[in-house]
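Got the structure open in your viewer? Grab your mouse, and let's go through it stop by stop.

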Amino acid sequence: MRIVIALGGNALLQRGQPMTAENQRANIRVAAERIAAIAPGNEIVVAHGNGPQVGLLALQSAAYHDVAPYPLDVLGAQTEAMIGYVIEQELGNLLPDDQSLATLLTMIEVDRDDPAFAHPTKPIGPVYDRETAERLQAAGNWTMAPDGDAFRRVVASPKPKRIFEIRPIRRLVEQGTIVICAGGGGIPTTYDESGRLCGVEAVIDKDLASALLAEQLAADLLVIASDVDGVYTDWGSESQRRLGRVTPEDIAGLDLPAGSMGPKVQAACDFARNTGREAVIGSLEQIADIVRGNAGTRVRRTR
């Protein structure tokens with residue numbers, strides 16, 4: 001079975017944790033253990049988020065005043081390499097020596113006229129209290145938005161249109177390589193007025209990019225791994241209920257947060273509609289049961 005796994009940000013850094021290299025490696029080691037358990041007999045492609053990491057790099061870049069801060073597309077490329085390196089290393093420590101792994105920097109085309117550029121929704125970086133958020137917003141001309149009882153920086157999140165490296169990714173997968181790619185939703189790129197490819201100031205949603213990746217790889221299964229075991233109605237209330245097997249039409253009308261579960265559901269629905277195959281939103285801890293068909297919210301065109 002060919003499986004694309006989209007690792008949520010919690011797999012790399014849990015909410016409120018200090019953003020140290022040690023914490024991230026420890027979390028990735030746990031994620032790698034789950035992935036390694038389903039690797040035998042399957043073709044595996046791993047995508048991942050980068051919100052905390054790209055936000056941290058943006059803060060570090062802004063702290064050096066002698067040069068302009070690096071743009072988000074460059075920081076996205078840095079996080080792809082950094083996170084891919086650790087995932088690849090931790091998987092390599094668990095899998096047989098003859099299992100090949102590769103991390104590919106992945107450029108993804110977006111529309112420079114995408115309306116998302118005028119309405120930032122993608123959270124990046126650490127969480128702040130109100131006073132700190134207001135100070136950073138004024139100092140850096142950043143957009144801040146509520147995140148639970150705290151605040152985070154939000155940036156534009158245009159829709160992914162095309163994966164430039166899809167052919168080498170496909171070739172590697174066909175040869176049995178576990179590929180880590182489209183990290184952080186891929187590096188956002190577009191064509192300017194002269195037809196020249198260039199980066200843009202944005203962070204693509206990794207779930208939407210993973211759905212496109214899974215579709216273009218003809219994956220049998222898209223797994224959107226989160227820190228919850230599925231999609232819930234009336235989340236946080238006494239009447240909350242986890243959804244099991246659903247169609248895109250069943251969940252299309254749910255009111256879900258734009259910066260978290262909303263894109264996951266949209267990605268799952270896009271993949272299911274476009275391919276007729278199954279997308280599952282569920283817990284990374286249950287990934288073996290997800291692959292066996294026994295866990296998560298499972299989205300398909302027909303039940």
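Before we start, keep in mind that this is a predicted model.

**Stop 1: where two domains meet**

Colour the domains first. Domain 1 comes in two pieces, 2-111 and 158-299, while domain 2 covers 121-155. Their C-alpha centres lie 23 Å apart.

Now look at the boundary between them. How many residue pairs are in polar contact across the interface of domain 1 and domain 2? The rule finds zero, with both residues required to be at pLDDT 80 or more. On the domain 1 side, select helix α2 (residues 51-62): it gives the most to the side that touches domain 2, with seven residues.

In total, 14 residues of domain 1 are in contact with 16 residues of domain 2. The size of an interface is often given as the accessible area lost when the parts come together. For domain 1 and domain 2 that buried area is about 1100 Å², and carbon and sulfur atoms give 66% of it.

Side chains of opposite charge can pair when their charged atoms come close. Across this interface, the rule finds one salt bridge. Select Asp205 and Lys122 and show their side chains: these two meet in a salt bridge, at 3.5 Å from N to O.

**Stop 2: into helix α6**

Keep Asp205 on screen. At the start of α6, one of the side-chain oxygens of Asp205 reaches to within 2.9 Å of the backbone nitrogen of Asp207.

Next, select the whole of helix α6, residues 206-216. Is this helix largely enclosed or not? Nine of its 11 residues are buried, so the rest of the structure largely encloses α6. If you want to highlight the buried ones, pick Lys206, Asp207, Leu208, Ala209, Ser210, Ala211, Leu212, Leu213 and Ala214.

Did you spot the charged residues in that list? Lys206 and Asp207 are both buried, and their side chains meet in a salt bridge at 2.9 Å, N to O. Before you leave, click on Ala218, just after α6, which takes a positive phi of about 55°.

**Stop 3: a pair of rings**

How many aromatic pairs does a search of the whole structure find? One. Select Phe164 and Tyr191 to see this pair, which is edge-to-face, with 6.3 Å centre to centre and 70° between the planes. The partners come from distant parts of the chain, 27 residues apart: Phe164 sits in the loop between β8 (162-163) and α5 (166-174), and Tyr191 in strand β10 (residues 187-191).

Turn on the surface and check both rings. Phe164 counts as partly exposed, at 22% relative accessibility. Tyr191 is partly exposed too, at 30%.

**Stop 4: more salt bridges**

The structure holds 12 salt bridges, so here are a few to visit.

Start with Arg245 and Glu278, whose closest N and O atoms are 3.5 Å apart. Arg245 lies in strand β15 (residues 245-246) and Glu278 in strand β16 (residues 278-283), so this salt bridge ties together parts that are 33 residues apart in sequence. Glu278 is buried, with a relative accessible area of 11%.

Now move to helix α9 (residues 287-292). Arg292 and Asp289 both lie in this helix, three residues apart, or about one turn. An α-helix has 3.6 residues a turn, so residues three or four places apart point the same way. The side chains of Arg292 and Asp289 meet in a salt bridge, at 2.6 Å from N to O. Arg292 is exposed, with a relative accessible area of 57%, whereas Asp289 is partly exposed at 30%.

For something with another partner involved, select Arg25, Arg29 and Glu90, which are linked in a network of salt bridges.

**Stop 5: Arg301**

Finish with Arg301, in the segment after β17 (297-299). Which backbone atom does its side chain reach? The side chain of Arg301 reaches the backbone oxygen of Arg273, at 2.8 Å.

Leaving aside residues up to four places away in sequence, Arg301 touches several others, among them Thr247, Pro248, Glu249 and Gly276. Add Cys269 to your selection as well: Arg301 and Cys269 are 32 residues apart in sequence and 8.4 Å apart in space, C-alpha to C-alpha. With a relative accessible area of 46%, Arg301 itself is partly exposed.

Conventions
Residues are numbered from 1 along each chain as its sequence is written. Side-chain values use heavy atoms; hydrogens and water are left out. Buried means under 20% relative accessible area, exposed over 50%, partly exposed in between (1.4 Å probe, protein chains only). Helices (H or I, at least four residues) and strands (E, at least two) are DSSP runs, numbered from the N terminus. A polar contact is a pair of N or O atoms within 3.5 Å; within protein, one must be able to donate a hydrogen and the other to accept it, and residues adjacent in sequence count only if both atoms are side-chain atoms. Rings of Phe, Tyr and Trp (its six-membered ring) pair if their centres lie within 6.5 Å; planes under 30 degrees apart count as stacked, over 60 as edge-to-face and the rest as tilted. Domain bounds come from an automatic or database domain assignment. Contact means heavy atoms within 4.5 Å. Buried area is the accessible area (1.4 Å probe) that two parts lose on being put together, summed over both. A salt bridge is a side-chain nitrogen of Lys or Arg within 4 Å of a carboxyl oxygen of Asp or Glu.
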